[in-house]
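Q: Could you take me through one part of this fold up close, starting from the paired strands and moving on to the aromatic rings? I'd like one connected walk rather than a list.

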Amino acid sequence: MRARHVPRPPRAQEGYVVLRLDGRGSARRGKAFELPLYRNMGEAEVEDQADGVRHLIAQGLVDASRVGVIGWSYGGYLALLCLARAPDVFHAAVAGAPVTHWEGYDTHYTERYMGLPRENPAGYTRSSVLTHTDSIADSARLLLVHGLLDENVHFRHTARLIDELIKSRKRYELLIFPNERHTPRRHSDRVFLEERIFDFFQSALAAVAR
């Protein structure tokens with residue numbers, strides 16, 4: 001699910017420390033490195049991202065109260081789980097085209113890692129973002145982005161997440177691209193998306209500091 005083009009986060013010259021960390025599960029590092037994800041997605045990956053941020057905090061490089069995360073597709077899934085499973089570390093997230101429940105995604109991809117739903121029901125529940133919305137901090141800021149024509153991660157993933165966020169009384173912002181697919185391709189949409197992401201983090205992380 002790695003998109004060919006993904007939005008860029010705010011950059012270092014704009015005052016941000018930017019961390020890109022390939023945690024457990026990342027490709028091309030061998031079976032042992034990928035194995036922690038087997039039948040249990042969204043746990044080891046979040047732990048590694050959180051540990052990476054904590055390392056920067058310990059080095060005095062990062063304000064611990066102003067940490068955001070951005071991801072697209074599987075990265076959007078992880079961005080959501082970072083808010084939910086490490087709310088002490090992550091305070092704002094942009095989640096683009098996120099998978100929110102694995103029983104609703106492509107079976108060829110999902111069952112390779114998760115097995116069949118009937119054989120691993122606990123794993124599917126544990127790995128779903130929908131299971132963890134209550135754990136998102138009330139102060140967290142969240143921007144959801146999705147194209148309504150997305151043929152990879154269907155919009156129903158975001159729709160179901162919004163329903164759970166409402167039940168949990170968690171705030172969110174929504175950016176929809178009516179004529180885009182898995183990632184925005186039109187130049188005007190790309191520019192608007194980049195500007196919107198930057199404005200969101202400027203507002204969200206400044207608000208945390210107050």
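A: Let's start at the strands: Trp 72 sits across from Gly 96 of strand 2. Keep in mind that this is a predicted model. Strand 1 (residues 68–72) and strand 2 (residues 92–96) run parallel, and 5 bridges join them. To get from strand 1 to strand 2, the chain passes through helix 3 (residues 74–85), and this β-α-β crossover is right-handed.

Helix 3 also leads us to another helix, since helix 3 is part of what covers the buried residues of helix 2. Helix 2 (residues 44–58) is 15 residues long and spans 21 Å from first C-alpha to last, close to the 21 Å expected at 1.5 Å a residue. Its buried residues are a mixed bunch: Ala 44, Val 46, Ala 50, Gly 52, Val 53 and Leu 56 are among them, and so are Glu 45, Asp 48 and Gln 49. After helix 2 comes Gly 60, with a positive phi near 75 degrees.

Now for the rings. A pair of aromatic rings is described by how far apart the centres are and by the angle of the planes. The count here comes to 8 aromatic pairs. Take Tyr 105 and Tyr 109, which pair edge-to-face, with 5.7 Å centre to centre and 85 degrees between the planes. Tyr 105 is buried, at a relative accessible area of 9%, and Tyr 109 is buried too, at 17%.

Tyr 109 has another partner as well: with Tyr 113 it makes a tilted pair, 5.3 Å centre to centre and 50 degrees between the planes. Both Tyr 109 and Tyr 113 belong to helix 4 (residues 107–114), where they sit 4 residues apart, about one turn of the helix. Tyr 113 has 22% relative accessibility, so it counts as partly exposed, because buried means under 20%.

Step back and these pairs belong to a bigger group: ring pairs link Tyr 105, Tyr 109 and Tyr 113 with Tyr 74, Tyr 77 and Trp 102 in a cluster. That also brings us back to where we began, as helix 3, the one on the path between the two strands, covers residues 74–85, and Tyr 74 and Tyr 77 are cluster members.

How values were computed: Residues numbered from 1 in each chain as written. Predicted model: local features only at pLDDT ≥ 70, side-chain atom pairs only at ≥ 80, totals over all residues. Heavy atoms only, no water. Phe/Tyr/Trp six-rings, centres within 6.5 Å; stacked < 30°, edge-to-face > 60°. Buried < 20%, exposed > 50% of the residue type's maximum accessible area, 1.4 Å probe, protein only. Pairing = 2+ DSSP bridges. Right-handed = clockwise from strand over helix to strand, strands pointing away. Expected span 1.5 Å × (residues − 1). Contact = heavy atoms within 4.5 Å.
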